[in-house]
Amino acid sequence: MKRTSKLGSILLAVCEVIVGILLLVDPVSFTKTILTVLGVILIVMGVVSAVQYFRAAPIRAAAGKGLVRGCVEVALGVFCIAKSEWFLATFPVLTVVYGVATLISGFTKLQWTVDMIRLKMKKWGLAAVSSVVTVLCALVILANPFASTAVLWMFIGVALIVEAVADLIAAILMRPEENEIIY
């Protein structure tokens, strides 16, 4: 079971606004930076996995597959750093994945709204607006009516900011007990 907290919701919304703004300012550089950071994290995780493999007792190490995991993580990390252009070239596919994830998020917010109604909580309308905004943004992203990838990136940045602002308003205006629904 997971509890959503007001502070956690606010921090997540603020992070989404920041990411949205960065996508608007320079989506290509932002994406390359994220991929480089992800690559470095994967390389570090891979080295740690490999070191743990060699430090573990042979039987335990063989069962854990730490060397394989470490090699795969390092390889993925190097790929993220060296081939960030590949991710940019496959952006249309990644956009579909993002659109589906956004749609799932919208449906999660829809359940949150319905749960609030069933629990007779006030201010469920704020959650409903957030849900509708998220689902609509996801549907536009999945429909992809954009003339170019740059316009799509700008829309995703704006959509992320709009969703985050709706979530932020909902999180701030709700009482703590209304914001802590168990999932």
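The following exercises, with worked solutions, concern a predicted model.

**Exercise 1. Determine whether the end-to-end distance of helix 7 agrees with its number of residues.**

Step 1. Helix 7 covers residues 124-143, a run of 20 residues.
Step 2. The expected span is 1.5 Å times one less than the number of residues, which gives 28 Å for this helix.
Step 3. The C-alpha atoms at its ends lie 29 Å apart, and therefore the distance agrees with the expectation.
Step 4. After the helix comes N144, which has a positive phi, near 50 degrees.

**Exercise 2. Identify which residues of helix 7 are buried and which helices they pack against.**

Step 1. The buried residues of helix 7 are A127, A128, S130, S131, V133, T134, V135, C137, A138 and I141.
Step 2. These buried residues pack against helix 6 (91-118) and helix 8.

**Exercise 3. Classify L139 as buried, partly exposed or exposed, and describe the nonpolar surface patch.**

Step 1. L139 belongs to helix 7.
Step 2. Its relative accessibility is 44%; a residue is buried under 20% and exposed over 50%, so L139 counts as partly exposed.
Step 3. L139 is one of the residues of a nonpolar surface patch, together with V96, V100, I104, V132, L136 and L142. Their joint accessible area is about 580 Å².
Step 4. Helix 6 and helix 7 are the elements that each supply two or more residues to the patch. Helix 7 contributes the most, with four residues.

**Exercise 4. List the members of the largest nonpolar core and state which helix supplies the largest share.**

Step 1. The largest nonpolar core consists of nine residues: L23, F30, F91, I141, F146, L152, W153, I156 and L160.
Step 2. Helix 8 (residues 149-173) provides the largest share, four residues.
Step 3. Another core, of six residues, lies apart from this one; its members include W112, M116, A127 and A170.
Step 4. As a general background, nonpolar side chains tend to be buried together in soluble globular proteins.
Step 5. For the core member L160, leaving out residues up to four places away in sequence, the contacts are E16, V19, G20, L23 and Y98.

**Exercise 5. Establish whether G157 is buried or exposed, and find its contacts beyond four places in sequence.**

Step 1. G157 is part of helix 8.
Step 2. Its relative accessible area is 0%, and so G157 is buried.
Step 3. Beyond its neighbours within four places in sequence, G157 contacts G20, L23 and L24.
Step 4. V17 is 140 residues from G157 along the chain, yet their C-alpha atoms are separated by 8.4 Å.

Methods
Residues are numbered from 1 along each chain as its sequence is written. This is a predicted model: local features need pLDDT of at least 70, side-chain atom pairs count only at pLDDT 80 or more; totals for chains, interfaces and linings use all residues. Side-chain values use heavy atoms; hydrogens and water are left out. A nonpolar core is a set of buried Ala, Val, Leu, Ile, Met, Phe, Trp, Tyr and Cys residues joined through side-chain atoms within 4.5 Å. Buried means under 20% relative accessible area, exposed over 50%, partly exposed in between (1.4 Å probe, protein chains only). Contact means heavy atoms within 4.5 Å. Patches are made of residues with over 30% relative accessible area and no salt bridge: like charges are joined within 9 Å, nonpolar side chains (Val, Leu, Ile, Met, Phe, Trp, Tyr) within 5 Å. Accessible areas come from the Shrake-Rupley method with a 1.4 Å probe; for residues, only the protein chains shown count as cover. A salt bridge is a side-chain nitrogen of Lys or Arg within 4 Å of a carboxyl oxygen of Asp or Glu.
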